[in-house]
Structures are given as structure tokens and as C-alpha cells.
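Colleague: Mind walking me through this one? I'd like to hear the reasoning behind each label, not just the label.

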Amino acid sequence: MMLVTPPYLVPDEAAHLMRACEVADGILYNKTPAQNVECDKYIQKGMNFQRLEAMHQCTGYSPVMYAFSALGLKVGSFFGGKVMFYFGRFANLLAWIILTALAIRITPVFKFPFLFAALMPMTLYEGMSLSADAFNNGFAFLFTAYIFKLIFEKKDVSKKDIILLSVMTLISAFTKGAIFPVFLFYFLPMKKYKTVFATLMLIAAFSLMSLWSSINMTFVNPDVNIEFNKYLFIHKPWHFLSLYAKSIVNSGYYMSSCVGILGWLNIRLKPFFYFPTLLIFMSMFVFLREEKVTNKMRVCALFVLTVFITLLHVYYYLIWTIPDSDRIHGIQGRYFIPVLPFVFLILAQSKKYFSDKIVELYKIFLICYIFYMQIFANVILFKTF
């Protein structure tokens with residue numbers, strides 16, 4: 001997939017390359033659009049690459065999400081051009097594989113749902129690219145899996161665990177959506193100060209995220225008057241609520257683009273592909289029971305997912321949606337990948353519906369279907385490019 005897909009044909013990959021080049025040169029944040037980036041001179045060899053004088057879609061993104069792609073570009077700068085570009089892609093892919101594999105390795109629950117979500121065409125398409133989503137999705141899975149390990153396997157959280165959780169919380173503040181597993185801290189098996197620790201981590205994470213947002217530029221749709229949208233949101237909230245409701249009702253695009261709409265969101269994997277994939281995703285929670293999940297966890301997961309979806313729609317209402325739109329624009333299904341583990345918690349079943357033999361056969365079927373997803377997506381990409 002990485003070799004078949006030409007440069008820049010992953011969503012916003014050109015902008016991600018610009019930001020990765022900035023990070024490779026030590027430009028960690030932008031108060032103004034970066035110019036005269038040294039890394040650009042190497043990537044320009046044989047590549048159609050030109051830095052915009054205006055801000056790009058990734059101008060305000062944290063350097064944390066580009067640590068590996070920037071390292072790959074730095075190493076590849078010895079060769080320059082396309083070789084350098086693919087060094088950046090490969091470094092990102094390697095980081096994504098390690099983070100995701102660790103997540104599947106350590107989690108005591110939902111191993112197959114994690115595997116399935118990680119190897120959906122859209123997740124892998126982002127993972128093999130220069131996109132910040134490669135690190136973001138891998139880290140979100142690992143962070144959640146580590147919390148699951150503590151909740152479902154440990155009797156008490158150690159000091160080492162608290163330090164690691166604190167570090168991961170700080171990292172999550174500089175990602176997109178990977179901050180939400182912090183809400184699960186309230187279920188940690190801590191004998192003392194659990195509520196205090198969880199609350200402090202939530203405050204720290206969201207404070208850092210807000211601070212980062214306040215010192216960086218946010219890319220806004222050129223056709224949008226953000227001040228006017230703020231006015232509408234505050235003084236006419238029913239306008240937002242109406243568009244929000246219409247967006248949710250017509251959310252089929254969210255689900256299909258979460259599974260995989262590739263290229264610049266113009267390569268669909270045939271209509272007959274999406275429904276069976278979603279059906280198989282749902283079936284995992286019937287065949288593979290998770291008796292350890294409590295109703296309190298399900299309620300918490302539903303609350304967090306609702307908060308995430310609402311905040312996402314508020315954000316894109318403000319920065320991307322013109323007032324006479326029929327719905328909120330700019331949201332893509334790939335944005336939901338980091339919070340898919342909360343869907344796992346909501347759908348988890350504790351009742352045993354099938355015998356162990358049928359469950360084992362179902363697992364074999366899942367592995368086969370995952371291979372089928374990869375083959376099917378790559379055949380479509382090969383024919384397209």
C-alpha cells in the first residue's frame with residue numbers, strides 16, 4: 001500500500017509533509033506560517049513540492065505526532081527527493097506498527113476488535129503515510145490498551161504505573177483524540193486517591209491541550225467567517241443543533257470513510273464492501289464475549305463518545321461550515337479511529353452465545369476477512385494508480 005500509493009494522495013499528506021519538515025528542522029510550533037525551512041530544499045529534488053506562504057492544514061499540529069516521520073525525513077535527506085519522502089513514510093509506518101502491536105499484545109480484552117480496527121483499509125492507509133494520524137492512532141490504541149491492562153488484570157496500580165500513566169497523559173494532550181482514554185482512570189484499581197489522581201490528570205491534559213491551541217494558528221476554511229459562526233453558536237444555538245442532528249442522521253459517510261475511502265477521499269471500495277465489513281465488526285462482540293466489562297464502564301464509554309462527537313461537530317461548525325450549509329462539513333470517518341475502543345466497551349457482551357469450537361472457527365474467519373480487506377483495498381489502489 002505504501003509503495004503503490006503515490007506521494008500526496010493520502011488526505012492532507014502534502015500539508016503533513018510541510019509540518020514534518022518543520023519538525024525535522026526544530027520548528028516545534030508556529031505563531032506565523034513557517035518559511036525558508038531547510039528540510040524543504042532536500043525534498044524538492046525530483047519532487048513537485050512547494051511550501052505555501054499562507055498557513056496550511058497542519059500548521060498548528062503538535063511536533064509530538066511528527067517525531068518519527070521527521071526522523072525518517074532527516075535520515076532520508078542524504079538522498080533527497082522521493083527516497084527521502086518514502087523514508088519519512090516508512091518511519092511513520094514502523095512507529096504505527098510498533099505502537100499498535102504493543103497495544104494488541106498487552107490488552108487483556110478486545111484483542112480481535114483492536115486487530116480488526118487497526119487493519120481496516122483507512123487505518124492502514126493513514127498508518128503507512130506521512131500523516132500525523134499514524135502516530136495518533138497507534139498511540140491512542142496503546143494508551144487505551146494499557147489502561148485496560150491495569151483495570152482488568154491488576155489488583156493495585158503501582159508507582160511505576162502512575163508515572164507511566166502521567167507521561168502518557170501529557171503526551172495525549174498533544175494529539176488528536178488520544179486524550180479521551182484519561183476518562184477511564186476513574187476505573188483504575190487504586191486503593192487511595194483514585195478520584196483525585198483521575199481528576200488531576202483530566203485537568204492537566206485538557207489544560208495543556210488548551211494552552212497548545214492558544215499559542216498556535218488554527219487552519220480555517222477560507223470561505224468561513226469564524227467570528228460570525230461563533231456569534232451564531234452563542235446566540236442562535238438551535239442553528240448548530242439543527243445541523244448537528246442532520247449530520248448524525250446522515251452519518252453513513254462517517255462509517256464508510258472510517259472503514260476506508262482512500263486517495264483524496266475519492267477512491268471508494270465498492271458499495272458492497274462497506275456493509276459486510278460493518279456487520280462483521282459488530283458481530284465480533286456477539287461471538288467474542290468480554291465478561292469483565294461492567295455497565296458503569298459502558299455508560300462512561302457512551303458519555304465519552306458523545307462528548308467527543310459533539311466537540312468534533314462544534315469545532316468543524318466553527319472553522320469549516322458556512323451558515324447556509326445543510327449539515328456540518330469537514331468531518332471524516334478517520335477522525336473516529338482513536339476512540340473506537342470506547343465503541344468496544346459499549347458493544348461488549350458478557351453472555352456466552354456460542355460454543356468454544358464455533359468461537360475458534362469464527363476467529364479463523366476474522367483473520368481471513370482481514371486479509372481479504374487488505375487484498376481488496378490494494379487491488380483497488382493498484383488499478384487506480
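Modeller: Sure. This is a predicted model, and its largest pocket holds about 1,400 Å³ of space. The lining has 46 residues, and Y61, K176, L312, Y315 and Y316 are the closest to the centre.

Colleague: Which elements give two or more residues to that lining?

Modeller: Helix 7 (133–153), helix 9 (194–214), helix 10 (226–235) and helix 14 (295–320) do. Helix 14 gives the most, with nine residues.

Colleague: How do the lining residues of the largest pocket divide by type?

Modeller: There are 26 nonpolar, 15 polar and five charged ones.

Colleague: And what about the second largest pocket, how much space lies there?

Modeller: About 650 Å³. It is lined by 23 residues, with M255, L305, F336, L340 and V343 nearest the centre. Helix 11 (237–249), helix 12 (252–260), helix 13 (271–287), helix 14 and helix 15 (340–347) each give two or more residues to the lining. That lining divides into 20 nonpolar, three polar and no charged residues.

Colleague: Now the charges. How many salt bridges turn up in the whole structure?

Modeller: The search finds 16.

Colleague: Take E22 and R19: what makes that pair a salt bridge?

Modeller: The cut-off is 4 Å between a side-chain nitrogen of Lys or Arg and a carboxyl oxygen of Asp or Glu. For E22 and R19 the closest N and O atoms are 2.9 Å apart, so the pair counts. Both residues lie in helix 1 (residues 13–24), three residues apart, about one turn of the helix.

Colleague: Why is E22 called buried?

Modeller: Buried means under 20% relative accessible area. E22 has 1% relative accessibility, so it counts as buried. R19 comes out at 0%, so R19 is buried too.

Colleague: Which parts does the salt bridge between E22 and R51 tie together?

Modeller: E22 lies in helix 1 and R51 in the loop between helix 2 (38–43) and helix 3 (67–76), so the pair ties together parts that are 29 residues apart in sequence. The closest N and O atoms of E22 and R51 are 2.7 Å apart, within the 4 Å cut-off, so this is a salt bridge as well. Both E22 and R51 are buried.

Colleague: How do you know that E291 and R289 make a salt bridge?

Modeller: Their N to O distance is 3.9 Å, and the limit is 4 Å, so the pair is within it.

Colleague: Are E291 and R289 buried or exposed?

Modeller: Exposed means over 50%, and E291 has 54% relative accessibility, so E291 counts as exposed. R289 has 35%, which lies in between the 20% and 50% limits, so R289 counts as partly exposed.

Colleague: Which residues are joined into one network by salt bridges that share partners?

Modeller: D12, E126, D133, K176 and R334. K176 is also one of the residues closest to the centre of the largest pocket.

Colleague: Last one: why is T169 called buried?

Modeller: T169 has a relative accessible area of 0%, and the limit is under 20%, so T169 is buried. T169 sits in helix 8 (residues 159–172).

Colleague: What is T169 in contact with, leaving aside neighbours within four places in sequence?

Modeller: F143, V182, F185, M201 and A205. Contact here means heavy atoms within 4.5 Å, so each of those five has at least one heavy atom that close to T169.

Note on methods: Residues numbered from 1 in each chain as written. Predicted model: local features only at pLDDT ≥ 70, side-chain atom pairs only at ≥ 80, totals over all residues. Heavy atoms only, no water. 1 Å grid on protein atoms, 1.4 Å probe; cavity = no way out; pocket = protein on both sides within 12 Å on 5 of 7 lines; lining within 4 Å. Points joined across faces, edges and corners; volume = space filled by probe spheres on them. Helix = DSSP H or I, 4+ residues; strand = E, 2+ residues; numbered from the N terminus. Nonpolar A, V, L, I, M, F, W, Y, C, P; charged D, E, K, R; others polar. Buried < 20%, exposed > 50% of the residue type's maximum accessible area, 1.4 Å probe, protein only.
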